[in-house]
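I opened my notebook to record what I looked up in this structure. The entries follow in the order I made them.

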Amino acid sequence: MALVARTRQRDHLLKGPGTLLYRCQEAGLPMTAACSGQGACGKCVLTVLAGADTLEPATAHEQSVLARNGAGADQRLACQCQPSGRPQNLLITTGYW
Ligand code: FES
């Protein structure tokens, strides 16, 4: 099982429980989160480079916020994604890392 955040410098292994937003912040990665993870602002959008099928589908609320912010089909809200406990290989990035 590997959850990896790719920056321009290197890959960061994300550990621990919690949302992708929390895991990225715990890894010291800068995250834009104007609503502090409430799923309202849409600023924590990230791009899933691989392993999207291992995430739970976006809820109607997440889909609504993504659409309102013009997100692509390969993007999710970091604050709304909590990887399941099943084995997965997930590779994520943002436009500003
Ligand atoms: S931090 Fe605002 S939607 Fe995720």
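Which side chains along strand E5 (residues 89-93) point to one face and are buried, and which point to the other and are not? I looked, and the side chains alternate. Leu90 and Ile92 point to one face and are buried. Asn89, Leu91 and Thr93 point to the other face and are not buried. I wrote down the cut-offs: a residue is buried if 20 or more other C-beta atoms lie within 10 Å of its own, exposed if 12 or fewer, and partly exposed in between, with C-beta atoms placed from the backbone.

**Ground rules.** I noted that this is a predicted model, in which local features need pLDDT of at least 70, side-chain atom pairs count only at pLDDT 80 or more, and totals for chains, interfaces and linings use all residues. Residues are numbered from 1 along each chain as its sequence is written.

**Whole chain.** I found two helices and five strands in the protein chain. These are DSSP runs, numbered from the N terminus: helices are H or I with at least four residues, strands are E with at least two. Along the sequence the pattern reads β-β-α-β-α-β-β. The C-alpha trace spans about 30 × 25 × 20 Å along its principal axes. I then checked the radius of gyration, taken over C-alpha atoms. The chain has 12 Å, which agrees with the value near 13 Å for a compact globule of 97 residues. That globule rule is 2.2 Å times the number of residues to the power 0.38. Buried residues make up 24% of the 97 residues.

**The sheet.** I traced five strands in an open sheet, in the order E2-E1-E5-E3-E4, with mixed pairing. Strand E2 (11-13) and strand E4 (75-77) stand at the edges with a single partner strand each, so one side of each has no neighbour in the sheet. The twist averages 35° from one strand to the next. For this angle, axes are lines fitted to C-alpha atoms (for helices over the stretch in contact), and angles run from 0 to 180 degrees between N-to-C directions. Two strands pair if DSSP finds at least two bridges between them.

**Partners of E5.** I followed E5 to each side. Strand E1 (residues 2-6) pairs with E5 in the parallel sense over four bridges. Ala5 stands opposite Ile92, and Val4 has Leu91 as its bridge partner. E3 and E5 run antiparallel and are joined by three bridges. Thr47 has Thr93 as its bridge partner there.

**Strand E1.** I saw alternation here too: Leu3 and Ala5 point to one face and are buried, while Ala2, Val4 and Arg6 point to the other and are not. E1 and E2 run antiparallel with three bridges. They form a hairpin with four residues between them. Ala5 stands opposite His12 in E2.

**A loop.** Where is Cys35? I placed Cys35 in the loop between helix H1 (20-26) and strand E3 (45-50). Cys35 counts as partly exposed because 13 C-beta neighbours lie inside 10 Å. Leaving aside its neighbours within four places in sequence, Cys35 is in contact with Ala40 and Cys41. Contact means that the C-beta atoms, placed from the backbone, lie within 7 Å. Ser36 lies in this loop between H1 and E3 as well. Ser36 counts as exposed because it has 10 C-beta neighbours inside 10 Å. Its phi is near 60°, a positive value in a residue other than glycine. Most residues other than glycine have a negative phi.

Note on methods. Two residues are in contact if their C-beta atoms, placed from the backbone, lie within 7 Å.
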